[in-house]
Every structure is written in structure tokens, then in C-alpha cells.
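The following exercises are to be worked with the sequence and the coordinates at hand. Each task is followed by a solution in steps.

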Number of protein chains: 2
Amino acid sequence: MLNYSNLFSEVTKRTKASVIRELLKLTAKPEIISFAGGLPDPKEFPVEDVKKMFDIILNKYSSAALQYGATEGCASLKTALCKWLKDVEDIDVADNQMLITSASQQALDMVARIFINPGDRIIVATPTYLGALQSFQTAGADIKGADSDDDGVIPESLEKCLEQTKEEGKQCKFVYLVPDFQNPTGVTIPQERRLKILETAKKYNTVIVEDSPYRQVRFEGEAPKTFYNLDKGQGNVITLFTFSKIFVPGFRLGYIIANEEVIRKFVVLKQAMDLCSPSILQLATAEYINGGYLEKHIKRVVEVYRKKRTAMLAALEKYMPEGVKWTRPEGGLFLWVTLPKYLDTEKMFPSAIENNVAYVVGSAFYYDGKTKNDMRLNFSYATPEEIDEGIKRLALAVKKNLK
Amino acid sequence: MLNYSNLFSEVTKRTKASVIRELLKLTAKPEIISFAGGLPDPKEFPVEDVKKMFDIILNKYSSAALQYGATEGCASLKTALCKWLKDVEDIDVADNQMLITSASQQALDMVARIFINPGDRIIVATPTYLGALQSFQTAGADIKGADSDDDGVIPESLEKCLEQTKEEGKQCKFVYLVPDFQNPTGVTIPQERRLKILETAKKYNTVIVEDSPYRQVRFEGEAPKTFYNLDKGQGNVITLFTFSKIFVPGFRLGYIIANEEVIRKFVVLKQAMDLCSPSILQLATAEYINGGYLEKHIKRVVEVYRKKRTAMLAALEKYMPEGVKWTRPEGGLFLWVTLPKYLDTEKMFPSAIENNVAYVVGSAFYYDGKTKNDMRLNFSYATPEEIDEGIKRLALAVKKNLK
């Protein structure tokens with residue numbers, strides 16, 4: 001047998017299996033109420049409308065819907081999205097400032113490849129989205145974390161990280177943020193803080209990568225402007241959106257907006273990566289937007305997830321012992337529970353599974369894995385009744401481990 | 001405005017736009033008969049059957065068809081493919097030896113990332129598929145080429161390259177081959193030669209990457225066994241297949257088979273790259289295979305492309321001046337025309353476009369770009385009548401440039 005150990009690359013050695021995806025396999029037993037994973041509620045997927053869209057576009061475009069497409073993305077989807085961004089986000093973007101991707105994860109992988117040489121410094125919020133950490137680690141990034149509070153990343157801590165990077169003679173390649181209903185914490189960065197962060201990034205000549213999969217899933221309160229909008233086309237922000245949480249994840253579609261020079265680099269890389277994302281799914285999504293379906297669907301999803309979020313907050317209030325804290329997100333799919341400092345949610349995990357409830361271990365969201373007393377809870381997948389029962393079980397597991 | 005030049009990575013600097021895709025933009029005028037590109041004939045796409053498949057699977061799986069899927073690929077597609085490979089290719093492969101990819105280009109990009117560190121030696125046939133060169137160059141490969149003749153890559157030349165690599169103290173990471181109806185030349189490596197190549201690869205402890213998008217598009221003659229089959233599960237071969245040429249390219253689906261250890265590395269990398277390929281397209285493809293549609297469709301496509309190939313060979317015979325040579329493929333989508341040595345098909349390109357005919361400049365398929373007197377002609381896209389007319393125009397352009 002051929003021995004592959006001399007053949008694998010450094011990339012292969014750096015690439016680690018996703019904690020979440022491995023964990024999901026362990027929590028697949030039907031008796032477990034899982035707050036792990038980040039799955040949207042499939043009961044809300046517009047199955048009949050999707051069928052209709054396929055009929056419409058296969059009648060309209062026929063075989064053209066099944067041919068290779070432009071690497072940049074289908075023109076009709078980009079046109080629909082430019083209009084949508086203007087209407088919904090007041091973002092002005094031309095179609096050469098946009099690339100359609102195979103959802104957010106591809107966009108994150110591309111960001112990593114476009115900017116990171118092995119050993120290059122980047123800065124993330126702590127904690128942050130682990131799928132992003134996975135892509136950045138695969139690229140060999142030297143990751144530093146800026147601290148966060150209930151308003152997301154703290155500008156002063158970010159500035160300290162950037163200043164320290166400069167003192168080390170290094171250039172920070174980008175600052176990665178999930179500003180709206182962050183994965184994992186559910187917190188949103190207020191507008192004033194965004195302006196400070198943007199100023200700081202400019203001062204250190206670095207770019208902000210704004211990853212915003214949950215932004216349109218807002219239950220209450222007013223949305224701060226996107227970083228992209230606040231930057232007013234100055235090229236300091238690259239923004240990633242996806243249809244995974246507001247339409248269906250199974251289409252694997254997302255999009256990047258940035259200035260034209262940057263998009264051009266992404267397009268050329270995508271040629272080498274997969275040529276193009278599936279035309280048929282892009283055309284169906286364009287039809288879904290243009291027909292006004294997306295807007296209605298988002299309203300429905302927001303309604304459902306708001307109830308679930310509220311159910312989870314109520315259950316936490318009802319069942320959790322003193323000393324346990326949690327965030328109160330105004331939208332999104334996740335909230336973040338912090339236990340007393342001496343508890344380790346990884347060590348506690350087996351007793352949760354024993355109680356037939358699952359979560360994601362918080363340390364997975366720290367680039368250095370050092371903070372141990374948090375957990376991420378997803379509230380989009382389970383029903384309100386399951387949420388009540390699941391939090392009850394989780395609280396029992398916590399109490400069992402309390403000193 | 002932010003200056004990005006300090007921020008872009010080495011990957012970005014190495015990534016070049018595809019000559020073909022850039023060229024296709026120039027040849028989009030309707031009066032041009034294009035033998036450039038590698039598009040399957042969209043008139044043959046099974047639009048009505050695709051509609052039917054979507055209906056079937058959305059009724060059968062409902063919202064599960066729209067949810068995130070397993071990174072490895074949908075179980076039903078993998079099961080269908082394991083059976084298909086056994087029936088059609090006599091290949092024994094278990095589902096943990098297979099990964100579903102977003103078509104061949106993603107598989108090539110993954111191969112590059114899994115094996116190549118910047119500066120690592122790999123060996124390709126000369127000429128070879130330019131999309132592969134693009135992915136390998138993006139990864140920073142040090143590419144050497146083994147010579148080819150009308151039976152594909154020459155084992156002695158390959159051995160010389162491998163020996164030289166060894167003498168330089170380097171390990172060849174892999175040998176990349178398109179053994180069946182090669183892109184660009186259309187030639188197929190005979191079975192005896194395959195066995196020699198396999199032995200040579202084993203001797204130098206390297207792996208053969210067998211990229212075979214056209215294998216099932218055979219017009220005549222008997223197929224040699226795949227390298228994968230000839231290796232008898234010894235782990236010396238990684239094989240890439242795709243549905244782009246035998247079903248539809250717009251689904252962006254392909255698959256890799258290899259030993260379990262290697263597939264595991266690919267799966268973990270795909271997690272970081274795009275999580276999974278679209279479930280709905282995978283399920284529809286599984287249904288298409290299981291319903292016996294794929295088999296019938298391939299027969300139809302083979303019939304159509306055989307006629308077109310024959311039309312192109314006849315037209316070349318009829319119109320081309322002496323001193324011009326071409327391959328006679330038994331299948332696939334391409335043939336390869338070699339002009340007298342003093343001609344340069346890149347310099348000749350404007351006069352072809354003036355005559356309203358297009359091809360791909362042969363030098364794009366050489367890793368060093370040094371051989372100038374070839375061109376690749378695609379015969380799957382144009383009609384037989386267009387092929388006759390197009391070759392007539394092309395012959396005029398050639399004659400105009402002959403000494």
C-alpha cells in the first residue's frame with residue numbers, strides 16, 4: 001500500500017474536522033433534544049414554492065438553466081440582489097461588485113485564500129464563528145482575538161490588537177466580524193461602535209470582513225447600518241451574505257460584495273475552485289426574490305424564530321440556577337450561556353447527553369480554545385415545547401455539576 | 001481608498017484567469033462558429049426529465065431535500081454510484097471511499113490543496129487540461145511535463161521525469177492524467193501502457209490522479225480498464241468523475257474515489273471549503289441514475305456526439321491543407337489539430353475570428369506555454385452543418401497563414 005504521509009501538504013496537516021459536524025453525529029439519537037448545530041427549522045422551508053420556481057425557470061430558460069454559468073454568478077440573480085440590497089439595506093452596489101458563492105462557507109474559504117499567507121496575522125472577535133476559524137486555520141493564519149462584551153467586539157481591545165500587530169512589524173490582513181446576532185453569542189454591534197471599529201480598521205490599513213448570515217432574521221429593535229453601508233464605498237469592507245438562514249440552506253448560495261478590484265480577485269479564484277455555482281439554483285432564487293416570495297418568507301421565519309427565542313429565554317429564566325448568565329438576542333438563531341468560571345462545558349457534555357440534551361461546547365468558538373465555561377444554544381430547530389423540556393434537562397445537568 | 005496590494009496573499013498573486021473563460025467572452029458574437037469552450041450540446045439536456053426528478057424528490061424527501069447535507073455527499077447518491085461503478089466499470093468501491101464534489105473543478109482544486117505545498121513537484125502529461133493547470137498553479141506547484149504521443153503520455157518519458165525528480169532530492173506528489181479522450185487531445189491511453197505507468201508510479205511512491213470526465217462518452221472501440229480498476233485497491237490511484245458531460249454541467253456535481261484514508265482528508269477539507277454540495281441536486285441525480293435515465297441519456301449523447309465527431313473529421317479531411325495533422329478520438333468532446341511548427345495559433349487567432357470561427361490556442365494546455373502550433377477543437381457544441389462550415393472557415397485562416 002502507498003504511504004501517503006510523505007505526500008500530504010501542510011494545508012492537509014492544518015485542516016481540522018469541524019467540532020460541530022463531528023458532534024452532530026453523536027447527538028443524532030432521536031431521544032436527544034439538540035440545541036447543537038445551526039439548522040434552520042425545515043418545517044418552515046417553502047417546499048411547494050421551490051417546486052413552483054423550478055417549473056417556472058425550466059419553462060422560461062429550458063436547457064440554459066442546466067448549462068455552465070458565468071463564474072461571477074447568473075446575471076438575473078445579481079440584478080435581483082442589487083435591487084434587494086438597495087431596498088432592504090440601502091446599499092448601493094453594482095453587479096461587478098458582487099460574486100455569487102456556494103454559500104458563506106465558500107466565501108470564508110475564499111477570504112482566507114485571497115488574503116492569508118501561512119503565518120499572516122488576522123484578528124477576530126472572541127468568541128467567533130468556528131466555521132470561519134476552520135477556514136482561517138486551514139490557510140495557516142496567525143489568529144489573535146479582540147475581547148467582546150454584550151455589544152460585541154470592544155473597539156479599544158481591537159485597537160490594542162492592531163497596535164500590537166503593528167509593533168510586531170506585521171500587517172493585519174483583515175478583521176473578521178459577525179456584527180448582527182453573532183454566531184455564537186447572538187449579540188449585535190451598535191451603530192456607534194461600528195463607526196469606531198471602522199475608523200480603527202482604516203487607521204491600520206486593514207479590511208473588515210463583515211459576515212452577516214442572520215441579519216435579516218430580526219425579531220425586534222432597529223437594525224444598525226451594515227459596515228458596508230457605513231463605509232460609503234471606500235473599499236474598507238467586504239461583506240458576506242447567504243440564503244441559508246432566510247431561504248433554504250440546501251441551495252448552498254451566498255454572495256460577496258466588495259469593491260470591483262477585490263471582487264475580480266475572488267472571481268479568478270472561483271474559476272480555479274469550482275468554475276461556477278449551479279445556474280438552476282441561482283435562477284430559481286432570482287425568481288423567488290423577484291416574485292416577492294423571499295420577503296414574505298422572511299416575515300414568516302422571523303415570526304416563528306421569535307417565538308422560539310422567547311420560549312428559550314423563558315425556560316432559561318425558569319430552570320437555570322443562580323450564577324448562570326445568558327445573552328438576549330434580538331434576532332438570529334443562537335444564544336450564549338455562560339456558567340460559573342470553574343465549570344467546563346466540555347467535561348459537562350457527557351452528563352448533558354445522559355440527560356438527552358445537547359449543545360455546542362463554547363471553547364470551539366475561541367481561537368485558542370482556552371475559555372471553557374460557555375455553551376452555544378440554537379433555538380431555531382427545536383419546537384417551543386422541546387425548548388422548554390430541553391432547557392429543563394440542561395439545567396439539571398448544570399445543577400449536577402455546580403459546586 | 002484602502003490599498004489592497006499589501007493585503008493580498010501569494011495564492012492571489014499566483015491565480016491566473018482561465019484563458020478559455022476569458023476567450024469565450026470574445027467569441028460570444030452570434031456570427032462566430034465556436035470550437036472553443038467545452039460546452040456539452042444543450043439541445044440534448046433532458047429538461048423534462050429534470051423537471052420530473054425535482055417533482056419526485058420534493059414529494060419524496062420534502063424539506064429534507066432543502067436542508068444542509070452530509071459533507072461526504074448524500075447517502076442515496078453514493079449508494080447509486082457504488083452500484084453504477086460496479087455495473088459499468090467493474091469497480092469495487094465502498095461509500096467511505098467516495099466524496100461527492102461540486103464537479104471536477106472542485107475535485108482538482110482539492111487535489112491541489114491536499115497534496116501541494118508551494119514549490120512541490122508534480123508531473124502532468126504535455127499537453128494537459130488547462131483547468132487542472134490553473135488549480136495546480138494556484139497551489140504553487142513546480143510542474144514538469146511528460147511527453148505524449150497518439151497513445152497519450154509515454155511511460156519512458158514519465159519515468160525520466162520521476163527519476164530526475166528523485167535525483168533533485170524531491171518527491172513527486174502526484175502524476176495527473178486524463179486517460180480517456182484526453183482534454184485537449186482526445187487520445188486514450190491503451191491498457192498495456194496504463195499498467196506500465198502504474199508500475200512506474202508505484203516505483204517512485206507517488207499517486208496517479210486519474211481525471212476522467214469523458215470516459216462514458218465512447219463512440220467505438222473497447223474501453224481499457226480505468227487506472228483505479230487496474231490498481232486493485234492498492235491505494236495508488238485517486239479517480240475523479242463528473243456528471244457534467246454525461247448528464248448536465250449546471251448541477252455542478254462530480255465525485256472522487258480513493259482509499260478511505262485519503263477520502264477522509266478530502267472530507268475534512270470540504271468542510272472548510274463549502275460544507276456540502278446541494279442536497280437537492282444530489283437527490284435528483286440519484287433518482288435519475290436509479291430510474292435508468294442516465295444510461296439511456298448517455299446512449300443518446302454518444303449517438304449525437306459520434307455524428308459530430310465524424311462530421312468534424314470529414315470536414316478536416318475535406319478542407320485542411322497539407323502539413324496539418326489532427327487526432328481521431330474514439331470518444332469525448334475534443335480533437336487536437338497540429339499545424340506546421342513555424343505557425344503560432346495565438347498569432348493566427350485574429351484571422352480566425354475575422355473568418356468568424358474560434359478555437360482554443362494550444363499553448364494554454366502546456367504548463368510552460370512554449371509549444372505554439374496546436375489548437376483544440378470542440379465538436380460537441382456546434383451542429384454537423386456548422387462544423388462543416390466552421391472547419392471550412394478555419395482552413396481558410398490556416399491557408400492564409402501558411403508559408
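## Exercise 1. Positive phi angles

The model is predicted. Determine whether B:Asp90 is buried, partly exposed or exposed, and describe its backbone.

Solution. Step 1: the relative accessible area of B:Asp90 is 44%. Step 2: buried requires under 20% and exposed over 50%, so B:Asp90 is partly exposed. Step 3: B:Asp90 has phi near 55°, a positive value in a residue other than glycine. Step 4: B:Asp90 is placed in the loop between α4 (75-89) and β2 (98-101) of chain B.

Repeat the analysis for A:Phe181.

Solution. Step 1: phi of A:Phe181 is near 50°, again positive in a residue other than glycine. Step 2: this residue is in the loop between β7 and α8 of chain A. Step 3: A:Phe181 has a relative accessibility of 1% and therefore counts as buried.

## Exercise 2. Cis peptide bonds

Locate the cis bond that precedes A:Pro184 and the one that precedes B:Pro127.

Solution. Step 1: in chain A, the bond from A:Asn183 to A:Pro184 is cis, with omega near 20°. A:Pro184 lies in the loop between β7 (174-177) and α8 (191-203). Step 2: in chain B, the bond from B:Thr126 to B:Pro127 is cis, with omega near -10°. B:Pro127 lies in the loop between β3 (121-125) and α6.

## Exercise 3. A strand and its partners

Explain why strand β15 (residues 374-378) of chain B is described as largely enclosed, and identify its pairing.

Solution. Step 1: 5 of the 5 residues of β15(B) are buried, so the strand is largely enclosed by the rest of the structure. Step 2: B:Asp374, B:Arg376 and B:Asn378 point one way, while B:Met375 and B:Leu377 point the other way. Step 3: β12 (residues 334-338) of chain B is joined to β15(B) by 5 bridges and runs antiparallel to it; here B:Trp336 has B:Arg376 as its bridge partner. Step 4: β14 (residues 360-361) is joined to β15(B) by 2 bridges, also antiparallel, and B:Val360 stands opposite B:Arg376.

## Exercise 4. A helix pair between chains

Characterise the packing of α10 (residues 260-274) of chain A against α6 (residues 130-138) of chain B.

Solution. Step 1: the helices pack at an angle of about 115°, with axes 8 Å apart. Step 2: the crossing is left-handed. Step 3: A:Val268, A:Leu269, A:Gln271 and A:Ala272 meet B:Gln134, B:Ser135 and B:Thr138. Step 4: by class, this contact has 3 nonpolar, 4 polar and no charged residues.

Definitions and conventions: Residues numbered from 1 in each chain as written. Chains lettered and ligands numbered in written order. Predicted model: local features only at pLDDT ≥ 70, side-chain atom pairs only at ≥ 80, totals over all residues. Heavy atoms only, no water. Axes fitted to C-alpha atoms, helices over the stretch in contact; angles between N-to-C directions. Helix = DSSP H or I, 4+ residues; strand = E, 2+ residues; numbered from the N terminus. Left-handed = near helix turned anticlockwise from the far one by under 90°. Contact = heavy atoms within 4.5 Å. Nonpolar A, V, L, I, M, F, W, Y, C, P; charged D, E, K, R; others polar. Buried < 20%, exposed > 50% of the residue type's maximum accessible area, 1.4 Å probe, protein only. Pairing = 2+ DSSP bridges.
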